[in-house]
Amino acid sequence: MRLYLLHLGTMQPGDVPVPGYLIQTADGTSILVDSGWPLSAVDDPQNPPGLSVEIRPEDTVIARLEEIGLQPSDIRYLVCTHLDDDHSGNHDLFTSAEFVIQRQHYDLAKSGHPRFAANRAAWDNPSLRYRLIDGDVELVPGVELLETSGHVPGHQSILVRLPLTGNVLLAADAVMHSSMADAETRIIYITDMDDEPTIRLSTQKISDVAKREAAVVVYGHDAQQWPTLRHSPRFYE
């Protein structure tokens, strides 16, 4: 089992990383978690309010996969933490994959919520196959999907059980920065959709899993933590 951390661009100010993740199981199954900004953002980034998107050609999800010897057709599962623009911009490139998403989140996005409209052509491509799940699910042995609504309804985080490193918890946007890890003191941002109790509940869930069984927690957009981690083509195993 291997876990690759994919650097898929940066947001300014603050050198805020946009990560994706690639899990390779012992039997050779490739699982991609999130797909970053659209490839078009290299030359024509659509900047969110107050942010500037920086994506080099080598930061695209296609380039990151190529450097570890993979093509989009090699991806068996694409786990969608959620459908914000910086997480879902290239879903349409992975037509061989099965997409795994929380039912609550998929239904919200499909209903036409404007937050998820910008990338809809990519994530709602008719050629894509979605598996809708409810709550915590073991995707394959060693990979558990954890329902962590708060940042958005139906957000999910991932626990990866590695034989040497130990368990790695990919918090994604349930907890974007280590400074937000305390459920009682966590700052609530304008980008957090759910009500405050739900946000704090998911933050506590991440904290509980981390304390109980995670050797490493990777926060979703932590500019201080990200440079200290091992990025692809290096990996955790």
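1. In this predicted model, R76 is placed over the face of Y77, at 4.5 Å from the ring centre. A second contact of this kind involves R2, whose charged end sits over the ring of F235, 3.9 Å from its centre.

2. The ring of F235 also deserves attention for its aromatic partner, since a search of the whole structure finds 3 aromatic pairs. In one of them, the ring centres of Y4 and F235 are 5.4 Å apart and the planes meet at 55°, so the pair is tilted. Y4 belongs to strand 1 (residues 2–12), while F235 lies in the segment after strand 12 (216–219), so this pair ties together parts that are 231 residues apart in sequence. Y4 is buried, with a relative accessible area of 4%, whereas F235, at 21% relative accessibility, counts as partly exposed.

3. Another aromatic pair is formed by Y106 and Y130, and this one is tilted too, with 4.9 Å from centre to centre and 40° between the planes. Because Y106 lies in helix 3 (residues 103–110) and Y130 in strand 7 (residues 129–133), the pair ties together parts that are 24 residues apart in sequence. Y106 counts as buried at 14% relative accessibility, and Y130 counts as buried at 19%. Ring pairs link these two residues with F99 into a cluster.

4. Turning to empty space, the largest pocket holds about 850 Å³. Its lining consists of 24 residues, of which M11, P48, L51, M176 and T191 lie nearest the centre of the pocket. Sorted by class, the lining of the largest pocket comprises 11 nonpolar, 8 polar and 5 charged residues.

Terms used:
Residues numbered from 1 in each chain as written. Predicted model: local features only at pLDDT ≥ 70, side-chain atom pairs only at ≥ 80, totals over all residues. Heavy atoms only, no water. 1 Å grid on protein atoms, 1.4 Å probe; cavity = no way out; pocket = protein on both sides within 12 Å on 5 of 7 lines; lining within 4 Å. Points joined across faces, edges and corners; volume = space filled by probe spheres on them. Nonpolar A, V, L, I, M, F, W, Y, C, P; charged D, E, K, R; others polar. Phe/Tyr/Trp six-rings, centres within 6.5 Å; stacked < 30°, edge-to-face > 60°. Helix = DSSP H or I, 4+ residues; strand = E, 2+ residues; numbered from the N terminus. Buried < 20%, exposed > 50% of the residue type's maximum accessible area, 1.4 Å probe, protein only. Lys NZ or Arg CZ within 6 Å of the ring centre and 35° of its normal.
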